[in-house]
Amino acid sequence: MSPRSISRWRPGSRAGRGGATDPTSFLFITLDSCRYDTFVAADAPNLKAVGETHRALAPAAFTYASHAAMFVGFTPWVPERVEPFLNPKLAKIFKMAGAGFPGNGREWVSLSGRNVVDGFRRRGYATIGTGAVDWFDTSTPTGRLLTSDFDTFYFAGPAGIAAQVAFVEEQLARRAQPAFVFLNVGETHVPYHFAGAAWERRNPCVPFGEHNDAEACRVRQRACLEHVDRALGPLLERFAAASTLVCADHGDAWGEDGVWEHGLPHPKVLEVPLLLRLGTPPEGPA
């Protein structure tokens, strides 16, 4: 099956009305660069309602590599927990047929295709995606590589979480079949800013920077996450009876061992929050 063309969407379209989602649908949210300790400290009731917050390890230290791994089933893992889904080596949430470790039949779903997105699409799902950081820019070759298997994808850039949620709601309103929805959050990425924030859009976490401020990083990323949590509330509620995976693709270092930001496999970069609620898996053959 050849990849479908990416639909172009711009803010301002009428969002669909909220409502319950098919229980076999799947919502996958990545909080870009969000540290585990930020997530634990934050007042984020909507995200935390998804399930227990696990201290996990990311599959990579920067956005593209981590998402490329997650899109073929290597989601963040909790090495000390020898349990399905928390430890993908034992049993993956998404198992790509014919690739990697053959598994033991305990995966949540087995998928055939190039990646998870293509696998859900082959099962008849609407595949809806939106990303905020530049690796998802659909005008670039690398962005197209990450996003080309979605039925429709919206690169939000600086537009923010409200525009992303509006996009997803509008797309869901158009479709009657189950959906696989992916949403990459950008506010928690440097420079830790959101629409209406009380500080300037200045990055306090610059690699090799001379004027970095770890406390500003801590305060701002937490405020960004709390803003995102409020915006995501209706979408998370819509998927309350479906399956949801929330994680960070990686964290950030804030001066630990002299390291700032991400892109290097420092422990603070690889440490991420992981929450999951797995309900009814897709029906039918892979």
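## A guided tour, starting at threonine 75

Select threonine 75 to begin: at 4% relative accessibility, this residue counts as buried, because the cut-off for that label is under 20%. Keep in mind as you go that the model is predicted. Threonine 75 sits in the loop that runs between helix H3 and strand E3 (94-96). Now show what surrounds this side chain. Leaving out residues up to four places away in sequence, threonine 75 touches Met70, Pro88, Ile93, Phe94 and Leu245. Two of these names lead onward: Met70 is one of the buried residues of H3, and Leu245 is one of the buried residues of E8.

**Stop 1: helix H3**

Select residues 63-70, which make up H3. How many of the residues of H3 are buried? The count is 6 of the 8, so H3 is largely enclosed by the rest of the structure. Colour Thr63, Tyr64, Ser66, His67, Ala69 and Met70 to see the buried set. What do these buried residues pack against? Their partners are the strands E1, E3, E7 and E8, together with helix H4 (116-122) and helix H5 (141-147). Seen as a whole, H3 lies across strand E1 (26-31), E7 and strand E8 (243-247), and its direction is at about 160° to that of E1.

**Stop 2: strand E8**

Next, select residues 243-247, the strand E8. Here 5 of the 5 residues are buried, so E8 is largely enclosed by the rest of the structure. Show the side chains and look along the strand: Ser243, Leu245 and Cys247 point one way, while Thr244 and Val246 point the other way.

Which strands pair with E8? On one hand there is E1, which pairs with E8 in the parallel sense over 5 bridges; threonine 30 stands opposite cysteine 247 in this pairing. On the other hand there is E11, which runs antiparallel to E8 and is joined to it by 4 bridges. To find one of those bridges, pick valine 246 and its partner in E11, leucine 275.

**Stop 3: cysteine 247**

Stay in strand E8 and centre the view on cysteine 247. Is this residue buried or exposed? At 0% relative accessibility, cysteine 247 counts as buried. Setting aside neighbours within four places in sequence, its contacts are Phe28, Ile29, Thr30, Leu31, Met70, Pro76, Pro273 and Leu274. Met70 is also touched by threonine 75, where the tour began. For a long-range pair, draw a distance from the C-alpha atom of cysteine 247 to that of arginine 35: they are 212 residues apart along the chain and separated by 9.9 Å.

**Stop 4: the whole sheet**

Zoom out and show the strands. An open sheet of 7 strands appears, in the order E2-E11-E8-E1-E7-E5-E6, with mixed pairing. Strand E2 (54-57) and strand E6 (152-155) stand at the edges with a single partner strand each, so one side of each has no neighbour in the sheet. On average, neighbouring strands of this sheet are turned by 15° against each other, direction ignored.

Follow the order toward E6. Strand E7 (residues 179-185) and strand E5 (residues 126-131) pair in the parallel sense over 5 bridges, and isoleucine 128 stands opposite valine 181. E5 and E6 also pair in the parallel sense, over 4 bridges, with threonine 130 opposite tyrosine 154. In E6, Thr152 and Tyr154 point one way and Phe153 and Phe155 the other, and all are buried.

Now add helix H7, residues 214-238. This helix lies across E1, E7, E8 and strand E11 (271-277), at about 175° to E1.

**Stop 5: the largest pocket**

Switch to a surface view and select Ala132, Gly157, Pro158, Gly186 and Arg201. These lie nearest the centre of the largest pocket, which is lined by 24 residues and holds about 460 Å³ of space. Which helix gives the largest share of the lining? That is helix H6 (residues 161-173), with 3 residues.

**Last view: the full chain**

Finish with everything shown. The chain has 8 helices and 11 strands, and 55% of its 286 residues count as buried. Its exposed surface is about 11900 Å², of which carbon and sulfur atoms supply 55%. Among contacts with a separation of 6 or more, 69% join residues 24 or more positions apart.

Terms used
Residues numbered from 1 in each chain as written. Predicted model: local features only at pLDDT ≥ 70, side-chain atom pairs only at ≥ 80, totals over all residues. Heavy atoms only, no water. Pairing = 2+ DSSP bridges. Helix = DSSP H or I, 4+ residues; strand = E, 2+ residues; numbered from the N terminus. Axes fitted to C-alpha atoms, helices over the stretch in contact; angles between N-to-C directions. Contact = heavy atoms within 4.5 Å. Buried < 20%, exposed > 50% of the residue type's maximum accessible area, 1.4 Å probe, protein only. Areas by Shrake-Rupley, 256 points an atom, 1.4 Å probe, with all protein chains shown as cover. 1 Å grid on protein atoms, 1.4 Å probe; cavity = no way out; pocket = protein on both sides within 12 Å on 5 of 7 lines; lining within 4 Å. Points joined across faces, edges and corners; volume = space filled by probe spheres on them.
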